[in-house]
Amino acid sequence: MRYYKIYVDNTRELYTYADTDDRYSIGDRVVVSFRKKERTGLIIARDSDEKKDFEVLPIIRLLENSIKLDEKYIKLLIWIKNYYMSTYDQVITAAIPSGLSIKYERYYFPRDIFEFINDEIVDEEIREYFVKKVTVGKPTLTKKFGLDKINEYLKDELLQRYGKNSIRLNYKNSNIESVLDRDIFEYFKQRELVRDEILEKNFSKKYLEKLVKSGDLRLEKLMKQEEEKEEYQVESEIENRDKILNDEQERAKNSVLSGEDMYYLLKGITGSGKTEVYISIIKSGFKAGKGSIFLVPEISLTPQMIDRFKGEFRENIAILHSKLTQSERAKEWYNIYTGQKKIVLGVRSAIFAPVQNLGYIFLDEEHETTYKQDNNPRYNAKQVALKRAELEGAKLILGSATPSIESYYYAQMGIFKLLELKKRYNEAVLPDIEIVDMKKEESLYFSKKLLDEIRKTLLKGEQVLLLLNRKGYSTYVQCKDCGHVEECDHCSIKYSYYSSQGVLKCNYCGKVKRYTGHCSKCGSKNLVHSGKGVERVEEEIKKYFDVGVIRVDSEMSKDRDFFEKMYYDFLNKKYDIMVGTQLISKGLHFPNVTLVGVVNADTILNFPDFRAGEKTFQLVVQVAGRAGRGEKKGKVIVQTYQEEHPVFEKVKNSDYEGFYESEIGNRELLEYPPFSKTINIGISSKYERYVEEFVKDLYEDIKSDEVELYGPMRSMVYKVKDRYRHNIFVKGNLKEINKFKKKLKLKLTKYEKNDKIRIVVDIDPINLI
């Protein structure tokens, strides 16, 4: 008898149950008795303590039509739970889609059926054959590959054979007909297996049960496979679409394919063809039977990626992103789980895709903060990818023109293998970047230089991107008569005005109210809109140019088909100017865009965040990289009120290395990541005075000599959804932080039943607001 620790659905801890018949294993979904009711659960680990001073209930049964998770996958979930100080229910809910049901069918097999059991078979045809088939009979294998080759693999035990006796080795052997009913034998003469309902319609169920009992037949449940589609030659289709890699790209590709390193950082300037390298590696892996996960930071990148990946891999590609319905997501997950799809393209949650024989994980635009989840479990897909690659023996490729300071530091230290692409693909040249000091300009929106360049670009029939990283029309509305500012009742934040919707909206709690054009305090119509957003920029640019303008922001993206339609409309020149937030800065490829304007480059720079300079450099350089990606040379105009700031000198020359050197020096001096690990502890309550006293006591309770604690302090946005918020910031080296996390977890347990307080622990925080 064995004991297992089981996660019972919708609970927080693990519970011990007995496997009385040694039938179960880690990763099984099972039914157990929990508080006198039958509940479903997941086997997480063996309980090695055989001595129990309490009654251990037995596992009741396997859950019908359920998946079985790989033990390595379970280890990944456990690691996420521990590293991010989450609970099992939070991690499992994030990783595995709800409504996932595996369809099974029951089949009868004769005894002599084979399966592929290891990676030593060098014949690519046989290996590829077993990618699509779980088990195969010898007649089929012999007919396809020849008797000598199959016997050779059987001799070396590279194929596993079910059963000890031979039934199907030679149909001419007269003994075979004495083993099985002649008519049943005829069924299996042309088939590997037969559905139970088909065989039971034609033969006595009692007689079939007798054959199963004697071992002459086996009755097993197998996952239901989709109807096989017409096969096509994957290899030749891929080969025909191959783009010729230049020398830099070829070296990068070969370094990954033949290198012994596990982690790679591909630093390639914008437009250098990183995607071509990714796809070439994925193809090589696919031909060798290996699966790949390709992550993008935003859903806005998926239309062009989907188009490209489907062109390369057809039905072998699964798409996972937040716009899928639960049923669509579950269906894609099922196709990945069964091995029908071996390549996954998606946003951060796609890191959990159950890809079979995972060979490669890619993070495109690895520097992006959107890889970090902002609710529990607060995982970072990049960190999870590092761990998953380690557990599964896969290779991780991080790609960016502007890598995160931490990633580039690890590459300098030799933890990541650094690969570089220093030339644009097809000899395209980098755009010229000009910094404009807006203190000298009359307009609040567009400098004379930017307007002049837009005019020239449009006259040439070329397209323009304008970036402003603020949603809405204005960031606040103030009455000029009484001075009142429209502010959210539930948050200490001003309402943003959305002209396109005619509403005032809180960007934190989401409260919306109709915009009347009157002051809510005195009724005056004398209102001023301050803090320009993309809607205002869209309105203002239309005053200068009578051309097609499209706006791209997260409000527009709520329509699930918006990004795909936007991408193809702009690509086909339906619009001349695109105005957008940071969504347009990442990876979009429009060959006819030759001018990019950054309307206000200071929006992030003024945040009290040690990453503010890094985020500003990355955003501006990335959006600059959208210009001149085709045969035409590009130009970039960057508008700022802080022209003298060092970051803009580095932006002007696209000098990542220079920026890194100055930034890494500051990080080391101040002991910020990568020279430390950080934790942000958020404490909130509906009771303002109570939480003010509570955070002082909590600080004293968790105080430690091993790490640095800062606070307690009010959050930058003090009230959100009627909750008053405070923070305690923690900094220390890896060893110190790990010790502190263990102590912190124990100390926080005593506050779990305090319903006046909510405590959230964010490991490796990105957003400090």
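Where is Arg35 found in this predicted model? Arg35 is found in the loop between β3 (29-34) and β4 (37-46), and this residue is taken up again in the legend for View 5, together with another residue of positive phi.

**View 1. The largest cavity and the residues that line it.** A search of the whole structure finds one cavity of 30 Å³ or more, and the space in the largest cavity amounts to about 60 Å³. Its lining is made up of Leu467, Leu468 and Asn469, together with Val598, Asn600, Ala601, Thr603 and Ile604, and with Thr616, Leu619 and Val620. Helix α20 (residues 612-624) supplies the largest share of this lining, namely three residues. Sorted by character, the lining of the largest cavity holds seven nonpolar and four polar residues and no charged ones.

**View 2. The buried Glu248 and its surroundings.** Glu248 belongs to helix α11 (residues 247-258), where the residue is buried and yet has no salt bridge. Arg251 offers the nearest side chain of opposite charge, but that side chain is 5.0 Å away, whereas a salt bridge is counted only within 4 Å. The polar partners to be seen in this view are backbone atoms instead: the side chain of Glu248 reaches the backbone nitrogen of Lys422 at 3.0 Å, and a polar atom of the side chain of Glu248 also lies 3.2 Å from the backbone nitrogen of Lys423.

**View 3. Helix α19 and the residue Lys573 that follows it.** Within helix α19 (residues 562-571), the buried residues are Phe562, Phe563, Met566, Tyr567, Asp569 and Phe570. After α19 comes Lys573, for which phi is positive and near 65°.

**View 4. Two cis peptide bonds, Asn376 to Pro377 and Gly711 to Pro712.** Most peptide bonds are trans. The bond that joins Asn376 and Pro377, however, is cis, with omega at about -5°, and Pro377 is found in the loop between β16 (358-364) and α15 (381-392). The peptide bond from Gly711 to Pro712 is likewise cis, with omega near -5°, but the setting here is a strand, as Pro712 has its place in β31 (residues 708-720).

**View 5. Positive phi at Arg35 and at Asp722.** Most residues other than glycine have a negative phi. Arg35, in the loop between β3 and β4, departs from this pattern with a phi near 55°. Why does Arg35 count as exposed? Arg35 counts as exposed because its relative accessibility is 70%, and the cut-off for that class is over 50%. Asp722, which lies in the loop between β31 and β32, is not a glycine either and has a positive phi of about 65°. Because the relative accessibility of Asp722 is 30%, this residue counts as partly exposed.

**View 6. Val730 in strand β32 and its separation from Lys677.** Val730 has its place in strand β32 (residues 723-732). Is Val730 buried or exposed? Val730 is buried, because its relative accessible area is 0%, where under 20% is what the class requires. Along the chain, Val730 and Lys677 are 53 residues apart, while a separation of 8.3 Å lies between their C-alpha atoms.

Methods:
Residues are numbered from 1 along each chain as its sequence is written. This is a predicted model: local features need pLDDT of at least 70, side-chain atom pairs count only at pLDDT 80 or more; totals for chains, interfaces and linings use all residues. Side-chain values use heavy atoms; hydrogens and water are left out. On a 1 Å grid over the protein atoms alone, a cavity is a set of points where a 1.4 Å probe fits but cannot get out, and a pocket is an open set with protein on both sides within 12 Å along at least five of seven lines; lining residues have an atom within 4 Å of a point. Grid points are joined across faces, edges and corners, and a volume is the space filled by probe spheres set on the points. Helices (H or I, at least four residues) and strands (E, at least two) are DSSP runs, numbered from the N terminus. Ala, Val, Leu, Ile, Met, Phe, Trp, Tyr, Cys and Pro count as nonpolar, Asp, Glu, Lys and Arg as charged, and the others, Gly among them, as polar. Buried means under 20% relative accessible area, exposed over 50%, partly exposed in between (1.4 Å probe, protein chains only). Lys and Arg count as positive and Asp and Glu as negative; His and the chain ends are not counted. A polar contact is a pair of N or O atoms within 3.5 Å; within protein, one must be able to donate a hydrogen and the other to accept it, and residues adjacent in sequence count only if both atoms are side-chain atoms.
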